[in-house]
Amino acid sequence: MADNIEIREDLRYTTNDEWVKIENGNIRIGITDHAQQQLTDVVFVELPKLGTIVKRGDVIGQVESVKTVASINAPVNGEVIEVNERLDDLPHLFNESPYDEGWLAVIKMKDSSEYDDLLDADEYRKKLDE
Amino acid sequence: MKRTPLYLAHKDLGARLIDFAGWEMPIQYTSILEEYRAVREAAGLFDVSHMGNLMICGEGAEDDLRNLLTNDIKGIPEGRGIYAHMLDNEGLIIDDAMVFRILSKAYMLMPNAATVSRVEEWIMEHVQSEVTNVTDRIVTLAIQGPRAASILQKLTEYDLSKLKRMRGAFITLQIGEDAQAFLPEIFQVDLPLAGIHSYVMRSGYTGEDGFEILIEADNSILVWNAILDAGHSYGLIPCGLGARDLLRLEMGFLLSGTDFNGEQSTLQTGPEWAIKWEHQFIGRDSLLKQRDKILTKLVGVELLEKAIPRHGNIIRVDGSNIGMITSGTMSPLLGKGIALAYVNEEFSMPGQELDVIIRDKSVQAKVVRLPFIGKR
């Protein structure tokens, strides 16, 4: 695995290359540095709709680069309560700031124990090494 | 996988490499969009050595090529090139390619990477002249962009303003102390006193001014580095196939294997000017028979809503499937989704409204004239 991929210790991850950050019982999600590097320049995003009730694994967004398209899946069951609408005009935030300005949405978890099922940084690193 | 002689140079530059038609080629060095912008605004340098180089030589070469190509090379002067399609007996496209008359009785055809062997076999079956595949001996560099001429001019005493579009010339690049020949056993051109001998064509696949430079593989790293150095202060950067695909699609240029794959004729794909009906060529009779039948046609499609069309997306009119997209992207220049698509001929006129089905959603679109970005 390339050494220049940032994996943050304080986040959780999915096998589909999303990151998850817990905030007051809600989760903020986005795509990992590895995912944005694989995608190359992101030029378009389909954002989830506010208020959507999502099941774990549901496709809630699409990220398109000049080269390809990738789905973003809901990492937990819950409701979409916030969406990063800046990405509509600035899709390259996914590339420039995948863990900060490039966040996709905030989901209110139905069952907060689902957070514990997600990969931690070490497990995600291991997954990328495979 | 095959590698070009510049493989290590690409790795050193941090290129991301992909499999393209059996070749391990750079898709990008830093960013596809950055490389795209360099070509539209300054200049970019591409290694396109995966393209084929077939020499067709001898007394009968002109007649042989006339019979093989939809466009007519009859009487073109030395140093002139044309774009043409090569058809099978059914009029279906085997490949599209440039052919240059390099010397009076020596032509070079440059087929696409994936079709080189098919094209070579087809030519062998149909010609009397001598055919030599020199692909592995040649490196092709494309320098493209509004500053390409200024950059290349720094490396040669040849006055590049004399080299018009689709013209080619033997040019000595002032690089290194030694004299390096270019395929001397084929071209028998006098060696330069010093420098690297090359064949330079004013041509490309981006819609910008630019040159395609043929050199012997052994000299390629020297030339690659010399152009990068000469171009640095002009904003030239190395560019990969990702940028190349964006650039060609904005112009509506066909991608072999994607926009045609052995099942379409030139009547469907265009461009019309690439068929010269006045001469006899393989596939001509089949094309004449097709002329009056309703066919699907390749058109430019522009999305009216924000989305990106992709290969395989279905096109509908009034709920009926009438076509399919073969290439699609987000045009950086227009900020819109653009695509090449086959649609039933009755829906192929510019202005025709269409629905493109992207991930089960219907997106409004219309047929537009090519090139998408207007004449450059």
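## Polar pairs and salt bridges

In this predicted model, 12 residue pairs, both members at pLDDT 80 or more, are in polar contact between chain A and chain B. On the side of chain A that touches chain B, the elements giving two or more residues are the helix α1 (33-39) and the strands β4 (42-46) and β6 (59-65), and this side of chain A is made up, by class, of four nonpolar, six polar and five charged residues.

Four salt bridges are counted between the two chains. In one salt bridge E46(A) is paired with R359(B), and the closest N and O atoms of this pair are 2.7 Å apart.

## Area buried between the chains

The size of an interface is often given as the accessible area lost when the parts come together. Here about 1,400 Å² is buried between chain A and chain B, and carbon and sulfur atoms give 49% of that area. Within chain A, the residues that lose the most area to chain B are D41(A), F44(A) and V66(A), which together account for 37% of what that side buries. In terms of contacts, 15 residues of chain A meet 15 residues of chain B.

## Cavities

Two cavities of 30 Å³ or more are counted, and the largest has a volume of about 40 Å³. Its lining includes M25(B), F46(B), C239(B) and R244(B), and divides into six nonpolar, one polar and two charged residues.

The second largest cavity holds about 30 Å³ of space. Among the residues lining this second cavity are L69(B), M86(B) and D95(B), while β5 (80-87) and β6 (93-103) of chain B each supply at least two residues of its lining.

Methods
Residues are numbered from 1 along each chain as its sequence is written. Chains are lettered from A and ligands numbered from 1 in the order in which they are written. This is a predicted model: local features need pLDDT of at least 70, side-chain atom pairs count only at pLDDT 80 or more; totals for chains, interfaces and linings use all residues. Side-chain values use heavy atoms; hydrogens and water are left out. Contact means heavy atoms within 4.5 Å. Buried area is the accessible area (1.4 Å probe) that two parts lose on being put together, summed over both. A salt bridge is a side-chain nitrogen of Lys or Arg within 4 Å of a carboxyl oxygen of Asp or Glu. A polar contact is a pair of N or O atoms within 3.5 Å; within protein, one must be able to donate a hydrogen and the other to accept it, and residues adjacent in sequence count only if both atoms are side-chain atoms. Helices (H or I, at least four residues) and strands (E, at least two) are DSSP runs, numbered from the N terminus. Ala, Val, Leu, Ile, Met, Phe, Trp, Tyr, Cys and Pro count as nonpolar, Asp, Glu, Lys and Arg as charged, and the others, Gly among them, as polar. On a 1 Å grid over the protein atoms alone, a cavity is a set of points where a 1.4 Å probe fits but cannot get out, and a pocket is an open set with protein on both sides within 12 Å along at least five of seven lines; lining residues have an atom within 4 Å of a point. Grid points are joined across faces, edges and corners, and a volume is the space filled by probe spheres set on the points.
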